[in-house]
Amino acid sequence: PAEPGRPYRVVLLGASGVGKTAFASIFGGAADSMDSDDCELCEDETCEKTIEVDGEPATVTLLDTWDTDGEWAQECYMQTGDAYLLLYSITDRASFLRASELRITLRRFRPAQHTPIILVGNKCDLVRRREVSVTEGRACAAVFDCKFIETSAAMQHNVWEAFHGIVRQLRLRRDSK
Ligand code: GDP
């Protein structure tokens, strides 16, 4: 079955240092790619590629927000995404709080619509430096009515699961229209 003509625009949001660049480079790398060439992160920090999810191709444009602390950039991204990966680091409570703030801002920009969002607790390999428990992460996601996953970009653990999860949610939303 054909995907819609336009690629899904997936935005990486989160405080600086949580692993957005690491996510983007895993996405841009060879693994899971159906394209012949790896996609290169260009100047505008976007990367488009076709991945296979549940046996069906999905074309995803990934946008890495390198500066989500800037109001302008933030608002811009909040208006352009079809779906969001909201990252924090499990080793940094401030980034967890930042993720909550970003979720609230997102809701302001996207009232009513059911925008797919996954709350992503990254760096789960850093067990000894954990500041945010799995329970807290899951509870936060429940409050915000979004999915939750813990990942390690360093170990390449669950990163593709997060990308696949967001595509599944986008398809569900598409199919329910
Ligand atoms: P960004 O500012 O959100 O783009 O964060 P980066 O992707 O640049 O990551 C910040 C730092 O954290 C870098 O030194 C990464 O190598 C490191 N990092 C990113 N993800 C992980 C992870 O899952 N585990 C560990 N141990 N380090 C990570």
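1. Chain order. Following the sequence, you get the pattern β-α-β-β-α-β-α-β-α-β-α. That makes five helices and six strands in the chain. Keep in mind that this is a predicted model.

2. The sheet. The six strands line up as an open sheet in the order E2-E3-E1-E4-E5-E6, with mixed pairing. E2 and strand E6 (147-150) sit at the edges with a single partner strand each, so each has one side without a neighbour in the sheet. From one strand to the next, the twist averages 25°.

3. A closer look at one pair. E1 and E3 run parallel and are joined by five bridges. If you want a spot to click on, try Val10, which stands opposite Leu62 in E3.

4. Helix H1 against the sheet. H1 (residues 20-28) has Lys20, Phe23, Ala24 and Phe27 buried. Why do they end up on the same side of H1? Because they cover an arc of only 95° around the axis. What do the buried residues of H1 pack against? Their partners are strands E1 (8-14), E2 (46-53), E3 (56-64) and E4 (83-89), plus helix H5 (159-175). As for direction, H1 lies across E1, E2, E3 and E4 and runs at about 145° to E3.

5. Helix H5. This helix turns up among the partners of the buried H1 residues, and H5 itself lies across E1, E2, E3, E4, strand E5 (117-122) and E6. Its angle to E4 is about 150°.

6. Around the ligand. How many residues surround the ligand? There are 15, and the closest are Gly19, Lys20, Thr21, Ala153 and Ala154. H1 gives the largest share of this shell, with three residues. By type, the shell divides into five nonpolar, seven polar and three charged residues. Lys20 is worth a second look: this residue is among the closest to the ligand, and Lys20 is also on the list of buried residues in H1.

7. The chain as a whole. Of its 177 residues, 37% count as buried. Take the contacts between residues at least 6 apart in sequence: 67% of them join residues at least 24 apart. The E1 and E3 pair, with its five bridges, and the packing of H1 against H5 are good places to start when you browse the model.

Terms used:
Residues numbered from 1 in each chain as written. Predicted model: local features only at pLDDT ≥ 70, side-chain atom pairs only at ≥ 80, totals over all residues. Buried ≥ 20, exposed ≤ 12 C-beta atoms within 10 Å, placed from the backbone. Helix = DSSP H or I, 4+ residues; strand = E, 2+ residues; numbered from the N terminus. Arc of directions from axis to C-beta. Contact = placed C-beta atoms within 7 Å. Near = placed C-beta within 6 Å. Nonpolar A, V, L, I, M, F, W, Y, C, P; charged D, E, K, R; others polar. Pairing = 2+ DSSP bridges. Axes fitted to C-alpha atoms, helices over the stretch in contact; angles between N-to-C directions.
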